[in-house]
Structure formats: structure tokens, C-alpha cells
Amino acid sequence: DKTLVGSPWSRALQRALYALVALFVLIVAGGFAAPRFVRVEVTYVVDAPASVVFAQANDFHRLALWALPNAENPNVRLTYSGAKRGEGAMVTWSDPVSGGGTQQIIESVPYEYISLLLNRGEPGEAVAWIELAPGAPGTNVTRGFEHDYGFNLVGRYFGLLWAGMVRRDYLLSLERLAALVETLPRADFADIELSEAFVEADDIAYAVTTVAGGTDAASRALGEAYVRVLSFIEAQGLKESGPPLAILRGRVGPRRRLDAAVPVTGAIEEIASGRDVRVGRTYEGHVAVATHLGSYVELATTHQKMASYLAATGRKRNGDPWEVYVTDPGKTPEARLETRVVYPI
């Protein structure tokens, strides 16, 4: 309608269109000016050695206790896949209200650093990390997060708000971590060689002994028991098939029960247990193993570290532990003695 051309209504419409275009340009320009990367780092001092803290972050089953998003929500479903822990471990979470996502450990440096790849169902890559450093006392734990929004301009605006939320959540999670490790043994197990495996049962001949004293008394009692066991093995026509071991059966009143055992081969099923020496089989199943080097006097410390490791990783004991005396103390210098400390789990 030509009568509308140059009318006040037409000019108002043009000004509104110009304003919308200007607003759009401003939003786009602001999006490009907003940071492409959102980065957050929070540090908290945790009163525990790095080995204990690392175990809480290197396994998603443990991480769920203090750091996974909404893990405490009963409606959240967690699904674990990949490696049990460390590099390659993955968790997927889903919530009918807040949605879901995945996390995967892509790098794991024992007792120092863990890197994770995050996918929260939104565009752009997100990475997170947990870094450990000596503190005073305990360990300085740093949680970090970085999201690359690329050319997602709306995401860049969202990232300006998201950074504050992440910083708050990370600080709360580190406070939960500190409270968690306060409930755990805190012996540092970083300096011992640890592994987990499945072991098959062995035939053994063994003698039961009890001791009331310390390491010297236990060594004497075990030495006397091994003499009886070896005599039994020879008399029965059996053969030794491995180094001697001591099964730690726990306390009987004020004394400790130790089973001095020697692995054997032969027709053990045809042999009846004697009054002093018995025949049997060792545990079969999953175990945690620590290698102890040096004096037997220090074995108690290795047991403490093993107990700390089991608690930190959420493992449960599944029977009596035992010690395998790999080297002969009569032929090996004390500093080079090797003992395997084995815990059924």
C-alpha cells in the first residue's frame, strides 16, 4: 500500500528491524569476544598421603563416593565399563531429570596425576584432571576442568555461568574427599610394590604353632615347625614344590597362631595328616600381593601398608593372609631378603 510508505508506522517498523539486526550483530560479536575455553582449578589440602588420595580418584567406584555428578541422587544410574581402574576405565550416568553423560580416565600417573575426558551431552570437548602434590600436612589436591566451546557462541555465553557452578561443585567435592579419607587408614603404601592376581590352590604340608612374642619368637617357632614339616615330607615320599610360607591365622587368646607350610607335590590325597604335621591346600582366588624387601622385623609395617591399600581401594579381605619367604635367610643378606605378603580379597 503506497499510502504506508513513509508513514510513522513504516518508520517504526524499520527502526525495530534495524534494532533487531543490531542486537543480533551485538550477540554474535559478544559470542566471539567471550572466552572459547572455560577453565577452572580448585586446590584443597587433604590430610592423607598421596597414595591414599590417588586410590579415591583412580577408580570410578571410589570417585562416585565424592566426585561424580549427582552420584548421591537415588535416581541416578551409574554404569561402569572398560578397565576396572586407571587408564581406560569409564562410567556412564543417567538421570531422568538432569540428563546424563560419560567420563573416561585417559591418563593415570600413580600418586601424581589423573586426566579424564567428559561428555555431558553438549557440544565441545571437556577435560578434567586431578593433580596431587606434597602438602603441609598431607596432600594438595587440585581439581581442574576445561571446556572448549569452539564456535558454539551460545555455549560460550553459557560457559561464563558454568565456570562458577563448576568451581563451587569442585570445592564441595574436595571437602567430601577430605571427610572420606579421615575414615580410612592412612599408612603410605606408595613405596611398596603392589599387584593383584588370581592364584590357584597348592597342596601343602603344614604344622600349627603359636607364639606370644615378637618377630624373634615367631622366627624361632617357625624354624622349629619347618624342621618337622620337612621331616614329614621326606618320610611320606613327597617333594617340595615352592618356598616355605606362614599362614597368619590370627590370635588364640594372648598368642598368635601361625601355620608353617611348605608346598608339595606327590600323592597327597593318599596321606593322612599326622599328629604334628597336617596336609591340606592353600587358598584359591583373587589376592593382593606386596613385595617386602629387607628384614623380617619390618614386615609389620608392610602389613600396615597393605591394610591401608585394601581400605583405600575398597577391597575386602577374604580369608587369612600369608607370607611367602622367597629367599633363604641362611644364604641371603638381611637387606636382600624377599618376602611376598599375600591377602585374599
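**Exercise 1. Decide whether Thr142 is buried or exposed, and describe its surroundings.**

Step 1. Thr142 has a relative accessibility of 12%, so it counts as buried. The scale behind this verdict takes buried as under 20% relative accessible area, exposed as over 50% and partly exposed as in between, with a 1.4 Å probe and protein chains only. The model is a predicted one, in which local features need pLDDT of at least 70 and side-chain atom pairs count only at pLDDT 80 or more, while totals for chains, interfaces and linings use all residues. Residues are numbered from 1 along each chain as its sequence is written, and side-chain values use heavy atoms, with hydrogens and water left out.

Step 2. Thr142 belongs to strand S7. Helices (H or I, at least four residues) and strands (E, at least two) are DSSP runs, numbered from the N terminus.

Step 3. Apart from neighbours within four places in sequence, Thr142 is in contact (heavy atoms within 4.5 Å) with Glu41, Val42, Thr43, Trp129, Ile130 and Glu131.

Step 4. With one of these residues, Thr43, the side chain of Thr142 makes a polar contact, side chain to side chain, at 2.8 Å. A polar contact is a pair of N or O atoms within 3.5 Å; within protein, one must be able to donate a hydrogen and the other to accept it, and residues adjacent in sequence count only if both atoms are side-chain atoms.

**Exercise 2. Find the strand that holds Thr139, and state what its side chain reaches.**

Step 1. Thr139 is in strand S7, which covers residues 139-148.

Step 2. The relative accessibility of Thr139 is 2%, and therefore this residue is buried.

Step 3. A polar atom of the Thr139 side chain lies 3.1 Å from the backbone nitrogen of Ala50. Among the other residues that Thr139 touches beyond four places in sequence are Tyr44, Pro49, Val53 and Leu132.

Step 4. Ala50 and Val53 both fall within helix H2, residues 50-57. This helix is mostly covered, with seven of its eight residues buried: Ser51, Val52, Val53, Phe54, Ala55, Gln56 and Ala57.

**Exercise 3. Trace the aromatic pairs of Phe189 with Tyr111 and with Tyr309.**

Step 1. Rings of Phe, Tyr and Trp (its six-membered ring) pair if their centres lie within 6.5 Å; planes under 30 degrees apart count as stacked, over 60 as edge-to-face and the rest as tilted. By this rule there are five aromatic pairs.

Step 2. Tyr111 and Phe189 pair edge-to-face, at 6.3 Å centre to centre and 75° between the planes. The two residues are 78 apart: Tyr111 is in the loop between strand S4 (99-109) and strand S5 (113-119), and Phe189 is in the loop between helix H4 (153-181) and strand S8 (193-199).

Step 3. Tyr111 is partly exposed at 25% relative accessibility, whereas Phe189 is buried at 2%.

Step 4. Phe189 and Tyr309 also form an edge-to-face pair, with 5.5 Å between centres and 85° between planes. Tyr309 lies in helix H6 and Phe189 in the loop between H4 and S8, so the pair ties together parts 120 residues apart in sequence. Tyr309 is buried, at 8% relative accessible area.

Step 5. Phe54, Tyr111, Phe189 and Tyr309 make up one aromatic cluster. Tyr111 also has a positive phi of about 65°, although it is not a glycine.

**Exercise 4. Describe the largest pocket by its volume and by its lining.**

Step 1. On a 1 Å grid over the protein atoms alone, probed at 1.4 Å, a pocket is an open set of points with protein on both sides within 12 Å along at least five of seven lines; lining residues have an atom within 4 Å of a point.

Step 2. The largest pocket holds about 780 Å³ of space. Its lining numbers 34 residues, and Leu222, Ala246, Leu299, Glu323 and Tyr325 lie nearest the centre.

Step 3. Two or more lining residues come from each of helix H5 (215-235), strand S11 (245-252), strand S12 (255-265), helix H6 (299-313) and strand S15 (322-325). The largest share, seven residues, is from H5.

Step 4. The lining comprises 19 nonpolar, eight polar and seven charged residues. Here Ala, Val, Leu, Ile, Met, Phe, Trp, Tyr, Cys and Pro count as nonpolar, Asp, Glu, Lys and Arg as charged, and the others, Gly among them, as polar.

Note on methods: Grid points are joined across faces, edges and corners, and a volume is the space filled by probe spheres set on the points.
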